[in-house]
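User: I am new to this structure and would like a close look at one part of it. Please take the salt bridges and describe the residues that form them.

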Amino acid sequence: LAGQPYVLVFFLGHECTHCMEQLNALAPQASAFASAGLPLHAVSLDSAEGLKATLAKDGATFPFPLFSDEKLDAFRAFRAYDDFEGQPLHGVFVVDGRGLVRWQHISFEPFMKPEFLLEEAKRLLALPAGTGAVAGR
């Protein structure tokens, strides 16, 4: 993903009803994000096989790639992880083409406002990189 802006969504897996609602809310907006040059990518706690089984069982299709992060490396790298409680968190990140996080939402709940996310991402990416942006991993 280096060199291009993108939106990264961390979700807790297929057993999290709220997470599936979030992905289903983002799915219809995926083409709008892509048209704005902001492809969506989602990272799950599920194993790669677990993701395949879930999609096959539920017949779910998402117009963006789903990645497995069983070891929580990406969750921890983006700080979508509560070290005190020892558990992953929901997270949404807008990353610019230089790898700088321009916007983030980390919470015990998924972020459910895809229209706001798209408009805010476009607004922020139109600004020059400056103070407040942090390097994504």
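Analyst: What follows goes through salt bridges one pair at a time and ends with a buried residue of a helix. The model is a predicted one. Side chains of opposite charge can pair when their charged atoms come close. The structure holds 4 salt bridges, and three pairs are described here, among them Arg102 and Asp96.

The side chains of Arg102 and Asp96 meet with N and O 3.0 Å apart. Arg102 has a relative accessible area of 18%, so this residue counts as buried, the cut-off being under 20%. Asp96 is buried as well, at 6% relative accessibility.

Another pair sits in helix H5, which covers residues 114-126. There, Glu119 and Lys122 form a salt bridge with an N to O distance of 3.2 Å. These two residues are about one helical turn from each other because they are 3 residues apart in the helix. Glu119 is partly exposed, at 47% relative accessible area, and Lys122 is also partly exposed, at 36%.

Helix H3 (residues 48-58) holds both Lys52 and Glu49, again 3 residues apart, about one turn of the helix. The closest N and O atoms of their salt bridge are 3.6 Å apart. Lys52 and Glu49 are both exposed.

Away from the salt bridges, Gln22 lies in helix H1, residues 17-26. Gln22 has a relative accessible area of 1% and is therefore buried. Leaving aside residues up to four places away in sequence, Gln22 touches Val9, Phe11, Val92, Pro110, Phe111 and Met112.

How values were computed. Residues numbered from 1 in each chain as written. Predicted model: local features only at pLDDT ≥ 70, side-chain atom pairs only at ≥ 80, totals over all residues. Heavy atoms only, no water. Helix = DSSP H or I, 4+ residues; strand = E, 2+ residues; numbered from the N terminus. Buried < 20%, exposed > 50% of the residue type's maximum accessible area, 1.4 Å probe, protein only. Contact = heavy atoms within 4.5 Å.
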